[in-house]
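Student: Could you take me through one part of this model up close? I'd like to look at a single aromatic residue and then work outward from there.

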Amino acid sequence: MKIRISRLFAAMLTVGIVPTASAYDPLYSEQWHLNNTGQTSFAANPGVVGNDLNTQLTQAMGIAGVGVKVAVIDTGVQIDHPDLAANVVAGSRNLVEDSEFPIDYPIDENGHGTAVAGLISAVGNNGEGGRGVASRSSLVSFNWLDSQTVEGWLISHGADPSTSDVRVFNQSYGFSPTTPIPFDETDPEFKLELDVMKDVSSYNAWGRGAIFVKSAGNGYRYFNTGRFFVLPKDFFAGGNNLGLPMHNSQQSYDNANYYNLVTSALRADGTRTSYSSVGTNVWVAAPAGEYGQDYPAMVTTDLMGCEQGQNTSSDLGINGLHGGTEFDPNCNYTSTMNGTSSAAPNTSGAIATIMSTNHALTARDVRALLAETASVTDADDPGVSLDFVNSEGQLVSYQAISPWQKNAAGVDFHAFYGFGAVNLDEAMKRARMTNNVLPPQIITPWVNNASKVTVPDASLAGGESSISVSDELTVESVQVKLTLDHTRLPDLAIELISPSGTRSVLQTPRNGLVGQSLEPGVAGYENQLMLSNQFYGESAKGEWTLRAIDTNGDEVFSYLAYFNSSTIFEVPMANNTQPGVLKNWSMRIFGH
């Protein structure tokens, strides 16, 4: 043991790090996502030991994002916060005022972006608050959520020369549509965004590329459309939508964009949070926690002072930190930050740390390291089976979300967690040992099948169509575009089956795509974009099968549109009078 300690100490000295007590960041001991000791993080109940990002060796070695610039695309960041200021570098922009930082007032008027920034890059060992996952990374900020113009998007997402050296773009935002959104790569705005993200992912930072990290969404139990909430009909009676997500993450087309690395959210016991959207587009899962009262949330930076942000003087008693308590008398920190908005920056911080371990690694190499070192979490989760009465009056069962499965390449995957929980220490050790994880990437052209196929009502047989791939490729991800006529989309499950027999449920049934009832004339999918990472490592060659399955023959079922407590509308949806028709689908493979 003495030999191991002395070697570790010597290694730390070679990188200029002197061990310091964790108490030097007074709130670090409550940051369960960095080191879960079973602490409460100021909530009523503790987490479960060991369910964290696995950072101890990385922190001990002083690997903390040095030389890696991270962009927080959010509500802005309070750049003069004492736990952030030392890591803020030139390049931030106030997109509302069209001015560069520094400016003479705090730009974040919400607090969300400041909390996100703290999870990534709060300064470590400075006697203030807690620390970020990449506590020595460089930080720039864009308040794009307050000024969502195309120009602002381009500036904040890497098209501007000022961001040419950014290696991680954190996007803790999203939207939840009630109506499918057609994806058209020839549309000028779609094409521009895709071209920018592809270029930045490949060529930023002198050819090493950048990673766009994206939150999966917070719509498992219900979701917010921006105008109202969509809930299961029996929500107020304790209903849970038969255990299925109201918002499958890839209902939002940007979450099905290959260049967005999508993250779902974990509780402090290693299970899925109550709210986290999920799907086969998820790459990894990361800590985020619950709401900070009953169970731990995130301890991170907040807007300074007790009159703004998440932690104010009126919050006294919400938990042990909030309201101007002895732990944080000036209310500069919060312990109620959560959501996939927290899972994304925890992943971004891990990525920045891996990149600082070995600056030669490309963005795509780092993506691969995250996938290949992720840990199976919540190993006994059974997935979700959906029972329904088929068209012949028989009770049948459909596995809408599978438990953990190994694909034909031996890779573990779960739609809740992607490849698993981020494991920073393992990824760091791999990063130290290699400069090249993957061969050059190959992206196949879109291959199309326009043969019309009937989708029978309430039948496990479904309607299926196949595409043959002749390329000798190893799969990284598969993208699908689907056009399908059906007047009640929540009935449908959409599956993709690989030549090796791996089944991936791209779209789960009982989702909140109720737009065809709210907007007459919408009747199904048109070029709906979907993504699966579940085939990682498999051979692409052979026949790929897409299957659409109608899981509901009931005449009417309903959701609720909740505007406020006095304005709640039932949204009834009659069963489709005609079978659905799978009209057209296409796929392309990202691989090597």
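Tutor: Let's start with Y222, which is partly exposed in this predicted model, at a relative accessible area of 28%. That value falls between the 20% limit for buried and the 50% limit for exposed, so Y222 gets the middle label. Its ring partner F235 has a relative accessibility of 17% and therefore counts as buried.

Now for the geometry of that pair. The ring centres of Y222 and F235 are 5.4 Å apart and the planes meet at 85°, so this is an edge-to-face pair. Planes over 60 degrees apart get that name. Along the chain the two residues are 13 residues apart, and the pair links distant parts: Y222 sits in the loop between strand 6 and strand 7, while F235 belongs to the loop between strand 8 (229-232) and strand 9 (260-266).

If you want something to set beside it, try F563 and F569. Their ring centres are 5.7 Å apart with planes at 85°, so this pair is edge-to-face too. As for accessibility, F563 is partly exposed at 36%, and F569 is also partly exposed, at 48%.

Back at Y222, there's a wider group to trace. Ring pairs join Y222 and F235 with F229, F236 and Y562 in a cluster. Across the model, the count of aromatic pairs comes to 27.

Some rings have a charge over them instead. For Y220, it's the charged end of R272 that sits over the ring, 3.6 Å from the centre. Y258 has R367 in that role, with the charged end 4.5 Å from the ring centre.

From here, have a look at the largest pocket, with a volume of about 760 Å³. It is lined by 31 residues, and G217, N218, N224, T340 and S341 are the closest to its centre. Strand 6 (211-215), strand 7 (223-224) and helix 6 (340-357) are the elements that each give two or more residues to this lining. So which kinds of residue make up the lining of the largest pocket: nonpolar, polar or charged? The split is 19 polar, 10 nonpolar and 2 charged, and glycine is counted with the polar ones.

How values were computed
Residues numbered from 1 in each chain as written. Predicted model: local features only at pLDDT ≥ 70, side-chain atom pairs only at ≥ 80, totals over all residues. Heavy atoms only, no water. 1 Å grid on protein atoms, 1.4 Å probe; cavity = no way out; pocket = protein on both sides within 12 Å on 5 of 7 lines; lining within 4 Å. Points joined across faces, edges and corners; volume = space filled by probe spheres on them. Helix = DSSP H or I, 4+ residues; strand = E, 2+ residues; numbered from the N terminus. Phe/Tyr/Trp six-rings, centres within 6.5 Å; stacked < 30°, edge-to-face > 60°. Buried < 20%, exposed > 50% of the residue type's maximum accessible area, 1.4 Å probe, protein only. Lys NZ or Arg CZ within 6 Å of the ring centre and 35° of its normal.
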